[in-house]
Amino acid sequence: MNFSYRMKTQIEFGDGRSSTLTDDLSVRFKPGESFFLVTDPGVMQTGKIEPLLESLRKAHYHVTLYSDVLPNPRDEDCLRGAALMREQNASAVIAVGGGSAMDTAKTIALLSRSSGVPREYADGERHYDEVAPIICLPTTAGTGSEVTRSAVITEQATHRKMTLKHERLRPTLAILDPELTRSVPPSVTAATGVDALVHAIEGATCRQATPLSRAFGEQAMQLIVPTLKRAVACGDDMDARRTMLEGSLLAGLSFGSTDVAAVHCLAEALSSLYDTPHGVANAVFLSSVLDFNAETHPALHARLARVMNFASAIDSEQLAVAKLLEGIGAWIAELGIPKLRDLAGVRVEDFGRLADLAFQNGSTKSNVRPITREDYLTL
Ligand code: NAD
């Protein structure tokens with residue numbers, strides 16, 4: 001098959017790697033230049049931001065701190081941040097946080113240099129003319145946003161979760177320091193880890209899948225499945241933290257060149273209506289979407305079962321698929337992630353709206369099995 005793979009991001013991975021951030025910056029930026037550092041209140045509380053600010057100031061950089069990011073970040077906050085960044089004349093954005101901080105930073109980098117509002121970019125009404133350089137230090141092992149070309153932002157007025165997608169949104173530099181993920185609480189570790197697994201599965205199986213997205217995705221699955229429980233049980237298990245961060249990076253490299261699919265479409269619909277944490281929303285739908293897709297693509301799903309070690313090479317295709325569904329269901333249950341019926345505020349009356357939102361999501365077309373609004377409603 002013909003395929004292309006683009007990746008402009010310089011990736012640096014290692015224990016304590018964030019402490020030499022200024023060495024990486026000095027290659028591109030001169031002393032006296034300004035940075036716009038985007039993070040959120042939860043990350044601020046970990047005490048990891050102060051030493052970074054100090055090292056930046058010591059290296060004679062100016063820094064503006066923007067720490068107002070909320071989970072499922074809003075367009076209004078990106079617009080506010082962009083105005084502030086323009087005012088400070090910052091050379092680049094630095095995101096220190098999970099997907100919410102990284103996506104906010106990406107959108108600020110865009111809106112500080114190009115006009116308009118996030119919805120216009122998500123709906124293809126504007127060109128991504130100019131984007132400030134983006135530097136990401138992920139603090140969760142989940143989204144892979146540090147290497148992807150997308151930013152997921154919620155339109156405050158309509159509650160719609162939108163995806164801005166363009167090569168220019170791909171970070172210039174990603175510094176992955178497992179130490180930054182040590183303080184992630186167990187429930188967030190579980191949810192973000194499932195998100196990473198779903199990226200790996202959807203990146204490797206969506207309609208646009210390539211040999212590279214399959215290679216990255218399958219390696220990510222093999223790292224994440226046996227490790228996540230350990231990271232949830234003991235946040236100080238740095239071997240587990242390291243493996244999870246590596247897994248989420250590989251998963252990002254998988255879907256970051258292809259797409260996500262139906263699980264994400266349903267998850268983003270759910271988060272649009274109820275502000276459900278992204279990873280939890282993915283976990284809720286993973287088993288039923290796999291079941292749906294396996295009906296028409298049994299060989300592909302038998303392969304997933306074997307890659308994730310839920311089935312062995314001698315199991316028949318049918319048995320392997322059954323073991324995949326059983327294995328994934330049990331794996332999620334053991335992580336203590338709530339089910340759809342346990343989530344606060346979810347009402348059966350909203351299911352039609354959820355199906356509409358999922359169906360309108362651009363990634364619906366990427367699902368390996370064609371999927372209709374009615375299918376979403378049934379799922
Ligand atoms: P998040 O960034 O919303 O963070 C979740 C919570 O964890 C927050 O309260 C945060 O303060 C806390 N937290 C983060 N790091 C911490 C740390 N080291 N110690 C203690 N607490 C910490 O969660 P997320 O799952 O990383 O990101 C979800 C967002 O990313 C969603 O909006 C989702 O749609 C988006 N997303 C984007 C992409 C992409 O490619 N751009 C891919 C997947 C998901």
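Student: How do the residues of the shell around the ligand divide into nonpolar, polar and charged?

Tutor: This is a predicted model, and in it 30 residues surround the ligand, with Asp40, Ser100, Thr139, Thr148 and Lys161 as the closest. Sorted by kind, the residues of this shell are 10 nonpolar, 16 polar and four charged.

Student: Which polar side-chain atom lies 2.7 Å from an oxygen atom of the ligand?

Tutor: Two other residues are placed against nitrogen atoms of the ligand: Ser145 has a polar side-chain atom at 3.2 Å from one, and Ser150 has a backbone N or O atom at 2.8 Å from one. The polar side-chain atom that lies 2.7 Å from a ligand oxygen atom belongs to Lys161.

Student: How much of the accessible area that the ligand has on its own does the protein cover?

Tutor: On its own, the ligand has 870 Å² of accessible area. Of that area, the share covered by the protein is 90%.

Student: Which element gives the largest share of the shell around the ligand?

Tutor: The elements that contribute two or more residues to the shell are α2 (41–45), α5 (99–111), β6 (150–155) and α7 (186–205). At least three shell residues come from each of domain 1 (10–181) and domain 2 (186–378). The largest share, four residues, is given by α7.

Student: Where does the largest nonpolar core lie with respect to domain 1 and domain 2, and why?

Tutor: This core has 68 residues, and those touching the most other members are Leu197, Met221, Leu286, Met308, Ile328 and Trp331. Helix α11 (residues 278–296) gives the most to the core, with 10 residues. Because domain 1 (10–181) and domain 2 (186–378) both supply residues to the core, its place is between them.

Student: Is Arg369 buried or exposed?

Tutor: Arg369 sits in the loop between α14 (351–360) and α15 (373–378). A residue is called buried when its relative accessible area is under 20%. Since the relative accessibility of Arg369 is 17%, this residue counts as buried.

Student: Which residue in the loop between α10 (262–274) and α11 has a positive phi although it is not a glycine?

Tutor: Most residues other than glycine have a negative phi. Asn89, in the loop between α4 (75–88) and β4 (92–97), has a positive phi of about 55 degrees without being a glycine, and Asn89 is exposed, with a relative accessible area of 63%. In the loop between α10 (262–274) and α11, the residue with a positive phi, about 60 degrees, is Asp275.

Methods
Residues numbered from 1 in each chain as written. Predicted model: local features only at pLDDT ≥ 70, side-chain atom pairs only at ≥ 80, totals over all residues. Heavy atoms only, no water. Near = heavy atom within 4 Å. Polar contact = N/O pair within 3.5 Å; in protein donor to acceptor, adjacent residues only side chain to side chain. Areas by Shrake-Rupley, 256 points an atom, 1.4 Å probe, with all protein chains shown as cover. Nonpolar A, V, L, I, M, F, W, Y, C, P; charged D, E, K, R; others polar. Domains from an automatic or database assignment. Core = buried A, V, L, I, M, F, W, Y, C linked by side-chain atoms within 4.5 Å. Buried < 20%, exposed > 50% of the residue type's maximum accessible area, 1.4 Å probe, protein only.
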